[in-house]
Amino acid sequence: MDVPADLLKATIRAVAERIAAHAEELTALDQAIGDGDHGINLRRGFGAVLAELDATAAKPLPEALRAIGTTLVMKVGGASGPLYGTLFLALGKELPAAPTRADAARALAAAIAAVQARGKSEPGQKTMLDVLAPVQRALAEADGPLGPALRRAADQAAEATVPMLATRGRASFLGPRSIGHMDPGARSSALIVAAVTEALESAA
């Protein structure tokens, strides 16, 4: 059974609203070690996604994800637009219309590989990948309720970026001064994971 349009709509809205609610926090994190525009850019991008909500939610899941990815690439500035756009585009390419948990784990692994290729980065370099990779492992391996396991993995992974030395992205220019700050991309990834899982739980 395909993902119902009302569930897709609620999930997309939840993500956009979560990003908007935390835009100032994300910008503050980015002011410490980046360009200072992460929250502003993501709020603009997901605002554009929200403006197309009805049309996007009417599509099958793969097409909807590709539409979101395309919008993010076009509307989000900085590095985060191409990276998040790539993530959603790859998920749209890999996921079937009615995915199982195994489908989701496989698709997220493929999407992470696409983000790594686009950003020429890998986990351990203080980027969004440091949240996405542990979440993918939790999705593939977790026992018990899935939502709490994914949120716990995401939050712990974002927190674990604080003591990391950034070796990719704008933060890498700071060298040792990047240590002691949470990566804004890791934090925004954790926020998206929380919004998606909570929306799915609410509909269950």
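Is K120 buried or exposed? With a relative accessible area of 63%, K120 is exposed. Please keep in mind that this is a predicted model. The tour below starts with the salt bridges, of which a search of the whole structure finds six, then moves to the nonpolar core and ends with two lysines in a loop.

**The E25–R187 pair**

- E25 and R187 form a salt bridge through their side chains, with 2.6 Å from N to O. Because E25 belongs to helix 2 (residues 23–33) and R187 to helix 10 (residues 184–203), this pair ties together parts that are 162 residues apart in sequence.
- The two partners sit in unlike surroundings: E25 is partly exposed at a relative accessible area of 30%, whereas R187 counts as buried at 18%.
- The side chains of R187 and E25 are also joined by a polar contact of 2.6 Å.
- If you would like to look around R187, its contacts are H22, E25, L26, L29, D155, A158 and M182, leaving aside neighbours within four places in sequence.

**The E94–R106 pair**

- Another salt bridge joins E94 to R106, and their closest N and O atoms are 3.0 Å apart. Here the link runs between helix 6 (residues 80–94), which holds E94, and helix 7 (residues 101–119), which holds R106; the two residues are 12 apart.
- E94 is partly exposed, with a relative accessible area of 26%, and R106 also counts as partly exposed, at 39% relative accessibility.

**R151, E198 and their network**

- A salt bridge between the side chains of R151 and E198 has an N to O distance of 4.0 Å. R151 lies in helix 9 (residues 146–160) and E198 in helix 10, so the pair links distant parts of the chain, 47 residues apart.
- R151 is buried at a relative accessible area of 18%, while E198 is partly exposed at 30% relative accessibility.
- R151 and E198 belong to one network with R18 and E201, joined by salt bridges that share partners.

**The nonpolar core**

- How many residues does the largest nonpolar core have? This core has 53 residues, and those with the most contacts inside it are F46, L72, Y84, L87, L91 and V131.
- Helix 10 gives the most to this core, contributing seven residues.
- As general background, nonpolar side chains in soluble globular proteins tend to be buried together.
- Y84 makes a good place to start exploring: not counting residues up to four places away in sequence, Y84 touches H38, L42, L72, M128, G185, S188, S189 and I192. Among these contacts is L72, which is itself one of the residues with the most contacts inside the core.

**Two lysines with positive phi**

- Which loop holds K120? K120 is placed between helix 7 and helix 8 (129–141), and K126 lies in the loop between those helices too.
- Phi of K120 is near 50 degrees, a positive value in a residue other than glycine. Phi of K126 is also positive, near 65 degrees.
- Their accessibility sets them apart: K120 is exposed, with a relative accessible area of 63%, but K126 counts as buried, at 1% relative accessibility. K126 is called buried because its value falls under the 20% cut-off.

Note on methods
Residues numbered from 1 in each chain as written. Predicted model: local features only at pLDDT ≥ 70, side-chain atom pairs only at ≥ 80, totals over all residues. Heavy atoms only, no water. Helix = DSSP H or I, 4+ residues; strand = E, 2+ residues; numbered from the N terminus. Buried < 20%, exposed > 50% of the residue type's maximum accessible area, 1.4 Å probe, protein only. Core = buried A, V, L, I, M, F, W, Y, C linked by side-chain atoms within 4.5 Å. Contact = heavy atoms within 4.5 Å. Polar contact = N/O pair within 3.5 Å; in protein donor to acceptor, adjacent residues only side chain to side chain.
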